[in-house]
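Work through the exercises below with the sequence and the coordinates open. Each task is followed by a solution in steps.

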Amino acid sequence: MLSEKVIKNKAREFRQGGKDMRIAMLTNNYRPFVGGVPISVERQAEELIKLGHQVTVFAPMYGETQEEREAVLAADVSAPEQVVRYGTQKRKMDNGMVYPSFYPSEIMEAFERDEFDCIQCTSSDVRRTVRSLSETKIQTAAYLYISYEI
């Protein structure tokens with residue numbers, strides 16, 4: 001975890017330099033699953049893109065059959081944000097939401113390949129993966145974890 005001073009300096013550097021940020025948004029549910037978190041992540045990604053930033057959403061793969069999974073991937077192609085789908089566990093929640101795999105290789109490989117300035121994480125399930133990433137060579141300007149706990 002970077003210090004607040006480092007984060008503020010990095011954010012100032014982007015604003016003053018007119019640079020676009022590369023933002024990673026990690027979520028444990030996303031389209032086609034309908035809910036508050038998927039809608040929020042999608043809208044945030046769209047607005048960040050309008051501001052000129054590059055957004056990559058890391059989301060679980062949905063679909064029982066190959067045909068269903070291909071439909072999910074086809075919908076991702078038309079989205080303004082880049083979507084990286086990661087593997088999930090076989091078990092599901094009662095509402096149909098999936099459980100992310102532990103330390104999905106799709107996320108690990110993308111973070112080794114790409115450099116992100118900011119990471120947003122919407123659940124503790126994928127936060128474990130981000131923690132393991134912080135032990136690698138990856139440096140980020142900011143890390144934001146959104147908690148909806150009451």
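**Exercise 1. Strand pairing**

Determine in which sense β2 and β3 run, and how many bridges join them.

Solution. In this predicted model, β2 and β3 run parallel and are joined by five bridges. For one facing pair, take F58, which stands opposite V84 in β3. Next, check how far β3 is covered. Buried requires a relative accessible area under 20%. Four of the five residues of β3 are buried, so this strand is largely enclosed by the rest of the structure. Finally, check the confidence: among the elements of the chain, β3 (residues 82–86) has the highest mean pLDDT, 93, and β7 (residues 142–145) the lowest, 49.

**Exercise 2. A hairpin**

Describe how strands β4 and β5 pair, and find the residue with a positive phi in their hairpin.

Solution. Strand β4 covers residues 88–92 and strand β5 residues 98–100; they pair in the antiparallel sense over two bridges. Across this pairing, K92 stands opposite V98 in β5. Five residues lie between the two strands of the hairpin, and G96 takes a positive phi near 95°.

**Exercise 3. The two sides of a helix**

Compare the span of α2 with the expected value, then assign its buried and exposed residues to sides of the helix.

Solution. Step one is the span. Helix α2 comprises 15 residues, 36–50, and reaches 21 Å from its first C-alpha to its last, close to the 21 Å expected at 1.5 Å a residue. Step two is the buried set: V37, P38, V41 and A45. They cover an arc of only 100° around the axis, which puts them on the same side of α2. Step three is the packing partner: the buried residues of α2 pack against β1 (22–26) and β2 (54–60). Step four is the opposite face, turned away from the buried side, which carries the exposed residues G36, R43 and K50. Just after the helix, G52 takes a positive phi of about 100°.

**Exercise 4. Two residues compared**

Decide for N29 and for K50 whether each is buried or exposed, and give the surroundings of each.

Solution. Start with N29, in the loop between β1 and α2. N29 counts as buried because its relative accessibility is 5%, and the cut-off for buried is under 20%. Its side chain makes a polar contact of 3.2 Å with the side chain of N28. Leaving out residues up to four places away in sequence, N29 touches V37, P38, P60, Y62 and M97. Of these contacts, V37 and P38 also belong to the buried residues of α2.

Turn to K50, which is placed in helix α2. K50 has a relative accessible area of 65% and is exposed. The C-alpha atoms of K50 and P80 are separated by 9.6 Å, although their positions lie 30 residues apart in the count along the chain.

**Exercise 5. The chain as a whole**

State how many helices and strands the chain has, in what pattern, and what share of its residues is buried.

Solution. Count the elements: five helices and seven strands. Reading along the sequence gives α-β-α-β-α-β-β-β-α-β-α-β. Of the 150 residues, 40% count as buried. Among contacts with a separation of 6 or more, 67% come from residues 24 or more positions apart. Close with the confidence: the mean pLDDT of the chain is 77, and 69% of its residues reach 70 or more.

Technical notes. Residues are numbered from 1 along each chain as its sequence is written. This is a predicted model: local features need pLDDT of at least 70, side-chain atom pairs count only at pLDDT 80 or more; totals for chains, interfaces and linings use all residues. Side-chain values use heavy atoms; hydrogens and water are left out. The expected span of a helix is 1.5 Å times one less than its number of residues. Buried means under 20% relative accessible area, exposed over 50%, partly exposed in between (1.4 Å probe, protein chains only). The arc is that of the directions from the helix axis to the C-beta atoms. Contact means heavy atoms within 4.5 Å. pLDDT is the predictor's confidence in each residue, from 0 to 100. A polar contact is a pair of N or O atoms within 3.5 Å; within protein, one must be able to donate a hydrogen and the other to accept it, and residues adjacent in sequence count only if both atoms are side-chain atoms. Two strands pair if DSSP finds at least two bridges between them.
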